[in-house]
Amino acid sequence: MRWLQAQQAAPPPDFYSPALVAHPLQLTNMRDTYTDHVAAHTLALVLARCRGLPRYIRDQQTAMWEPDWDPASVTSLADSTALVVGIGAVGKEIGRLLNAFGCTVTGIDVHPVATSGFTAVLPVEALDEQLPEADLVILTVPHTPDTEGMIDARRLKLFKPSAYFVNVGRGPTVQLDPLTAALEAGQLGGAALDVFETEPLPPEHPLWSRPDGLITPHGAGAGPHEAERRYAVLVENCRRFVAGEELMNIVDKTKWF
């Protein structure tokens, strides 16, 4: 075996068995085949919060007509600072879209490189000092041994009490119990989650009923053309493999991405 094409951008953790990591074969994945879908979903979560849509959706269920004209009930992205953690293809597109709304965007990445739309992209070591500055924190990082549980009770205490937290990366990067406790204690302004430490999220979990929470069931990547894009990656990698050329989307198996 010389090459293995993973059928996902981020296969489940048990995919990276010790035998696979130790084997000399090249591993490639399907990253950047649904970047636009995840980025659009992320902006939908952000804008829903900024405009108070969750509350209006609840009001709609009881036919309640109660407009909220309090300026404090609306968040202006043009007056906000966003911290995007993970500047891969998805993180870059999220930053670009936020910047188009006038948001000041800073990035955090394991390989920091200047990126259009970002005021700066900083190394992971800068995460703790940047969290208290952000009105909006968006997590897009993959689940790896280094990112598992990275948003924990200690880091949640660094957030602004008014900050809005969004996770569209992988669920195990965020510890749900400390996140729930932070929301209950008023340490966060709200949270929108598409991925969870435990999936499906149990029906009895308190996050389901929190008015400051917005939940989607790991569907951010849904959208047209994904199958065609994945097939195109597979065909191109087959062509490159036969021709002896460098493959697309090579994964560092020791890091899982």
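I began with the nonpolar interior of this predicted model. The largest nonpolar core has 27 residues. Inside this core, Val 85, Leu 139, Phe 159, Phe 165, Leu 179 and Leu 188 have the most contacts. I then checked which elements give two or more residues to the core: strand 3 (81-85), strand 6 (136-139), helix 7 (176-184) and strand 8 (190-193). Helix 7 supplies the largest share, four residues.

I picked Phe 159 from that list and looked up its contacts, leaving out residues up to four places away in sequence. Phe 159 touches Leu 131, Val 137, Phe 165, Gln 187 and Leu 188. Two of these partners, Phe 165 and Leu 188, are also listed among the core residues with the most contacts.

I noted a second core, separate from the one above, with 26 residues. Leu 43, Cys 50, Ile 94 and Ile 138 are among them.

Next I searched for enclosed space. I found one cavity of 30 Å³ or more. The largest cavity holds about 30 Å³ of space. I listed its lining as Leu 183, Ala 191, Ala 192, Leu 193, Leu 207, Gly 213, Leu 214 and Ile 215. Strand 8 and strand 9 are the elements that give two or more residues to this lining. By class I recorded seven nonpolar residues, one polar and no charged.

I turned to the open pockets and took the second largest, which has a volume of about 570 Å³. I recorded 28 lining residues, of which Arg 49, Cys 50, Gly 52, Ser 73 and Thr 75 are the closest to the pocket centre. Helix 2 (35-50), helix 3 (53-61) and strand 9 (213-215) each give two or more residues to the lining. The largest share comes from helix 3, with four residues. I sorted the lining by class and got 15 nonpolar, six polar and seven charged residues. Cys 50 had already appeared in my notes as a member of the second core.

My last entry is on Asn 249, which I placed in the segment after helix 8 (226-243). Is Asn 249 buried or exposed? Its relative accessibility is 14%, and the cut-off for buried is under 20%, so I entered Asn 249 as buried. I looked up its neighbours, again not counting residues up to four places away in sequence. Asn 249 touches Leu 27, Thr 28, Asn 29, Met 30, Arg 31 and Val 233. For Arg 31 I also noted a polar contact: its backbone oxygen lies 3.2 Å from a polar atom of the Asn 249 side chain.

How values were computed. Residues are numbered from 1 along each chain as its sequence is written. This is a predicted model: local features need pLDDT of at least 70, side-chain atom pairs count only at pLDDT 80 or more; totals for chains, interfaces and linings use all residues. Side-chain values use heavy atoms; hydrogens and water are left out. On a 1 Å grid over the protein atoms alone, a cavity is a set of points where a 1.4 Å probe fits but cannot get out, and a pocket is an open set with protein on both sides within 12 Å along at least five of seven lines; lining residues have an atom within 4 Å of a point. Grid points are joined across faces, edges and corners, and a volume is the space filled by probe spheres set on the points. Ala, Val, Leu, Ile, Met, Phe, Trp, Tyr, Cys and Pro count as nonpolar, Asp, Glu, Lys and Arg as charged, and the others, Gly among them, as polar. Buried means under 20% relative accessible area, exposed over 50%, partly exposed in between (1.4 Å probe, protein chains only). A polar contact is a pair of N or O atoms within 3.5 Å; within protein, one must be able to donate a hydrogen and the other to accept it, and residues adjacent in sequence count only if both atoms are side-chain atoms. Contact means heavy atoms within 4.5 Å. A nonpolar core is a set of buried Ala, Val, Leu, Ile, Met, Phe, Trp, Tyr and Cys residues joined through side-chain atoms within 4.5 Å.
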